[in-house]
Amino acid sequence: MEADRCVGFRSGNFLAPCAVVLNYIWIAFFLVAFAVALVNSLFFGDLDIWSRIMSASFSSAATAFEISLGLTGILSLWLGLMKIGERAGVIGFFGRMIAPLFTRLFPGVPKGHPAMGSIFMNVSANMLGLDNAATPLGLKAMQELQTLNKEKDTATDAMIMFLILNASGLCFIPISIMMYRAQAGAANPTDVFLPILLATFISTLVGIIALCIKQKIRLADPVLISWLVGMGAVIAAIVWIFSGMDGQRVEMYSGFVANFMLFCVIVLFIWAGLYKKINMYDSFIEGAREGFRTAVTIIPYLVAILVAIGMFRASGAMDYITRLTTDAVALLGLDTQWVEALPTALMKPLSGSGSRGMMIDLMATHGADAFVSRVSAAIQGSTDTMFYVLAVYFGSVGVRKTRYAVSYALLADVSGSVAGVLAAYIFFG
C-alpha cells in the first residue's frame, strides 16, 4: 500500500496518494478553459466566449442533477431486485460460479463474499449492452467492496480492478450505437459491430493485464490464462456467427439475446425467492430505499466532473487539440482520415453524451456510412465514459483517494480508441 502513496504532501495523518492526479486534472479543466478563452478574447475578439462558458457551467450542473434524478428510478428498481436475489441466494450462486476467475483478479475479496456475485451481475449486464441495468448493479458491487475497505475514503485494489472492468466497457452487443446509425440512415447500421467488439476486447485485455502487473497478480496462473483464452474464443465465435448474418438479423438477434437473458435473471430471482419463502415485497422495498439514497449521494460528484468538462468544451480547447493533432499527423506523412473522429476519442473518457453527440454530428455532416463516421462509432463503442464511471462509482461510497485508478483507466481508454481506429481501417479502410 505504501508504494502507491506520494511523499511530501499530507492530508490529515495520511500521506496523500498518487491519485491526487484526479484533483489536478479537475483543476486543469478550469485553468485551461480560462487560458483558451482569454486567448480567444484578446487575439480573436471573441467576447461572447465567457457567456458560453458560464452557460455551459449552469447547464452541466443541471445535467448532473438530471442524470442523478433519472438514475433514481432505475437504481431503486435494480437494487430492489438485487436485494431479492441476495436473500434468495442467487447472487451468492453467481459468485461461486465465477469464483475461479474472480479470486485471481480480486485476491482481497474472500470466497463467497456477496461482492463476487454483484460484480458478476454488473459485468454480465455490461457485456449485453444493458447500461441501465449495469450501473445500479455496479453501484451495489461497490457498496459490497466498501464493506471490506479499512480506509473508507481510499480505493482498494479490488475497487480499482472493478473500475477498470467497467471503464474498459467490454460489450458484446452495442445496441445503442447500432440504433443511432440506423436513425442516421446507415445502409447497414450493424456493420460496426465487429470492429467495436474487437476494440472493446482489446481495451479490457490491456486493462486487466496492466492491473495484474501493477497489483502483482500472477499472470502465468493456469486458471487466469484459461479464462482469458476462453474469452478470446467467445469473441472469435461471436465474430464468426454474426459475420454470416445481414444487418437486420444482427440487430434483431442481438437485442433479443440481451433482453431475454435480462428478464430470465429477474424471473430467476423471483423463483428463488418463492423457493426460499422470503418476503420479496419487503426485500424489494429495502433495496429500493438503498437505490434512492445512492442516487442522492452521487449528485455532488457528478456536478464536479460535468461542470469542469462542460466549461473545458465550451472554451474551444477541444477544437485546438484536434487541429494540432491533424497537423502533427499530416507532418508525419500518415493518413489523416481518422483525425476528424479524434474529438469522439478525447471526449469519450470525459462525457458519454458529449462523445455521442460528436459521433452523431459526424454522421450528420459526412453521412452515416462515411469512413470517419464508422471510425467514430468504433471509438464510441470501445470503452465506457471513464470519468463518469469514476465519479459515480467512487462517489457512491465516499471514496475520494482514487490512487492509480485514473491512470490505468486512461490506459484502457486509449488502448480502446487506438484499437477502434485500427479495426475501422481493417474492416472499412
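Is K277 buried or exposed? At 75% relative accessibility, K277 counts as exposed, because the cut-off for that class is over 50%. This residue sits in the loop between α10 (247-276) and α11 (280-297). It also has a positive phi of about 60°, although it is not a glycine. Please keep in mind that this is a predicted model.

**Backbone and overall make-up**

A second residue belongs in the story of K277. R403 has a positive phi of about 55° and is likewise not a glycine. As background, most residues other than glycine have a negative phi. R403 lies in the loop between α17 and α18. R403 counts as buried, because its relative accessibility of 3% falls under 20%. So K277 is a loop residue that counts as exposed at 75% relative accessibility, while R403 is a loop residue that counts as buried at 3%.

Now for the wider picture. The secondary structure comes to 18 helices and 2 strands. The protein has 429 residues, and 53% of them count as buried. Its exposed area is about 19,200 Å², with carbon and sulfur atoms supplying 67% of that. Among contacts between residues at least 6 apart in sequence, 77% join residues at least 24 apart.

**Salt bridges**

How many salt bridges does the protein have? The count comes to 10 salt bridges. In general terms, side chains of opposite charge can pair when their charged atoms come close. Here are three of the pairs, with the distance between the closest N and O atoms.

| Pair | N to O distance |
|---|---|
| D221 and R104 | 3.3 Å |
| E144 and K140 | 3.6 Å |
| R403 and D157 | 2.9 Å |

The D221 and R104 side chains form a salt bridge at 3.3 Å. D221 lies in the loop between α8 (193-214) and α9 (222-243), and R104 lies in helix α3 (residues 90-105), so the pair ties together parts that are 117 residues apart in sequence. D221 counts as buried at 10% relative accessibility, whereas R104 is partly exposed, with a relative accessible area of 28%. These two residues also belong to a network of salt bridges that links R104, R218 and D221.

The pair E144 and K140 lies within one element: both residues are in helix α5 (residues 131-146), 4 residues apart, about one turn of the helix. E144 is buried, with a relative accessible area of 10%. K140 is buried too, with a relative accessible area of 6%.

R403, already met for its positive phi, forms a salt bridge with D157 at 2.9 Å. This pair links distant parts of the chain: R403 is in the loop between α17 (386-396) and α18 (405-428), D157 is in helix α6 (residues 157-167), and the two are 246 residues apart. R403 is buried, with a relative accessible area of 3%, while D157 is partly exposed, with a relative accessible area of 32%.

**Nonpolar cores and a surface patch**

Which residues touch the most other members of the largest nonpolar core? They are F106, L145, F269 and F394, in a core of 90 residues. Helix α6 gives the most to this core, with 9 residues. L145 touches V109, A115, I119, A158, M159 and F162, leaving aside residues up to four places away in sequence. There is also a second, separate core of 14 residues, which includes V329, A345, V421 and A424.

On the surface, F34, L38, V39, L42, F43, F44 and W50 form a nonpolar patch with about 760 Å² of accessible area together. Helix α1 (residues 21-44) gives the most to this patch, with 6 residues. F34 is found in helix α1.

**A buried serine and the cysteines**

S382 has its place in helix α16 (residues 371-382). At 0% relative accessibility, S382 counts as buried. Not counting residues up to four places away in sequence, S382 touches S168, G169, A199, T200, S203, G416 and S417.

Finally, the cysteines. A disulfide is a covalent bond between the sulfur atoms of two cysteines. The count here comes to 0 disulfides. C212 counts as buried at 0% relative accessibility, and C264 counts as partly exposed at 36%.

Definitions and conventions
Residues numbered from 1 in each chain as written. Predicted model: local features only at pLDDT ≥ 70, side-chain atom pairs only at ≥ 80, totals over all residues. Heavy atoms only, no water. Patch = residues over 30% accessible without salt bridge, like charges linked within 9 Å, V, L, I, M, F, W, Y side chains within 5 Å. Areas by Shrake-Rupley, 256 points an atom, 1.4 Å probe, with all protein chains shown as cover. Salt bridge = Lys/Arg side-chain N within 4 Å of Asp/Glu carboxyl O. Disulfide = S-S within 2.5 Å. Buried < 20%, exposed > 50% of the residue type's maximum accessible area, 1.4 Å probe, protein only. Contact = heavy atoms within 4.5 Å. Core = buried A, V, L, I, M, F, W, Y, C linked by side-chain atoms within 4.5 Å.
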